Amino acid sequence: MSVPDTRPTTTAAPAWAWILAHHAIIRSYSFAFARSAKLDHEDFRQELIADLAMTFAKYDPARGAAKGWVWMRASAVRRSMVRSRQMIRARTEAHRNPKMPAFDATEPVPEGQWGHADHTEALIDLARMRNRADEGQRTAMRELLEAAGPVRGGATYRRQLQALL
């Protein structure tokens with residue numbers, strides 16, 4: 001006894017046949033749109049073809065010509081790729097130039113609240129700031145440290161801070 005086939009009967013064959021029949025329009029629009037947005041042509045064409053295949057069910061030949069449909073989808077793909085590229089640039093820039101946390105060495109430490117764990121955390125925070133700081137910011141931190149006067153914890157702690165800065 002055989003099991004009945006319950007898979008959906010709709011396929012993407014009509015979409016791919018339509019894409020093959022209109023490959024010249026797709027190629028010309030992909031060149032034009034990729035060039036106008038300074039995108040890689042091959043990547044753009046692949047994205048456009050994938051988009052056309054996925055949205056083919058929405059295409060109605062009675063409402064407009066194939067050129068109009070391809071132009072509309074190419075415009076959407078270009079917008080998507082440009083936004084994606086902008087987000088990647090923003091992420092890369094944020095990674096390259098992280099914002100410096102506020103650093104105020106003149107703020108006094110309340111009595112009885114400075115233990116070994118706090119000392120270690122302060123050193124870790126200063127090391128992170130040093131790695132992110134440029135030379136001008138390091139000089140400013142060094143001047144704040146010197147202006148703050150004696151540091152709780154003795155000369156050893158002061159030497160550790162100065163080594164970090």
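Here are some short exercises, each with a worked solution, on the predicted model above.

Residues are numbered from 1 along each chain as its sequence is written. In this predicted model, local features need pLDDT of at least 70 and side-chain atom pairs count only at pLDDT 80 or more, while totals for chains, interfaces and linings use all residues; side-chain values use heavy atoms, leaving out hydrogens and water.

**Exercise 1. Confidence and layout**

Find which helix has the lowest mean pLDDT and which the highest.

Solution. Start with the term: pLDDT is the predictor's confidence in each residue, from 0 to 100. The chain has a mean of 76, with 53% of its residues at 70 or more. Next, list the elements, which are DSSP runs numbered from the N terminus (helices: H or I, at least four residues; strands: E, at least two). There are seven helices and zero strands. Among these elements, H2 (residues 23-36) has the highest mean pLDDT, 95, and H7 (residues 155-164) the lowest, 56.

**Exercise 2. The largest nonpolar core**

Work out which helices supply at least two residues each to the largest nonpolar core.

Solution. A nonpolar core is a set of buried Ala, Val, Leu, Ile, Met, Phe, Trp, Tyr and Cys residues joined through side-chain atoms within 4.5 Å. Buried means under 20% relative accessible area, exposed over 50%, and partly exposed in between (1.4 Å probe, protein chains only). Of the chain's 165 residues, 26% are buried. The largest core holds 21 residues, and Trp-18, Phe-44, Leu-48, Leu-52 and Val-70 have the most contacts inside it. At least two residues come from each of H1 (13-21), H2, H3 (41-54) and H4 (66-96). H4 gives the largest share, six residues.

**Exercise 3. How H3 packs against H1 and H2**

Describe the packing of H3 with H1 and with H2.

Solution. Two packed helices are described by the angle between their axes and the distance between the axes. Axes are lines fitted to C-alpha atoms, for helices over the stretch in contact, with angles from 0 to 180 degrees between N-to-C directions.

- H1 and H3 pack at about 135°, with axes 9 Å apart. That makes H1 oblique to H3 (under 35 degrees is roughly parallel, over 145 roughly antiparallel, 65 to 115 roughly perpendicular, the rest oblique).
- Ala-15, Trp-16, Trp-18 and Ile-19 of H1 meet Ile-49, Leu-52 and Ala-53 of H3, where contact means heavy atoms within 4.5 Å.
- For H2 and H3 the angle is about 125° and the axes are 9 Å apart, so this pair is oblique too.
- Residues of H2 including Ile-26, Tyr-29 and Phe-33 meet residues of H3, among them Phe-44, Leu-48 and Leu-52.

**Exercise 4. Two residues to compare**

Is Arg-73 buried or exposed, and is Lys-38 buried or exposed?

Solution. Take Arg-73, which lies in H4. Arg-73 has a relative accessible area of 16%, so it is buried. Leaving aside neighbours within four places in sequence, Arg-73 is in contact with Leu-48, Asp-51, Leu-52 and Thr-55. Now turn to Lys-38, in the loop between H2 and H3. Lys-38 has a relative accessible area of 72% and is therefore exposed. Lys-38 also has a positive phi of about 55°, although it is not a glycine.

**Exercise 5. Around Tyr-29**

List the residues that Tyr-29 touches, not counting those up to four places away in sequence.

Solution. Tyr-29 sits in H2. The residues touched are Phe-44, Lys-67, Val-70 and Trp-71. As a final step, find the C-alpha separation of Tyr-29 and Leu-48: 9.4 Å, for two residues 19 apart along the chain.
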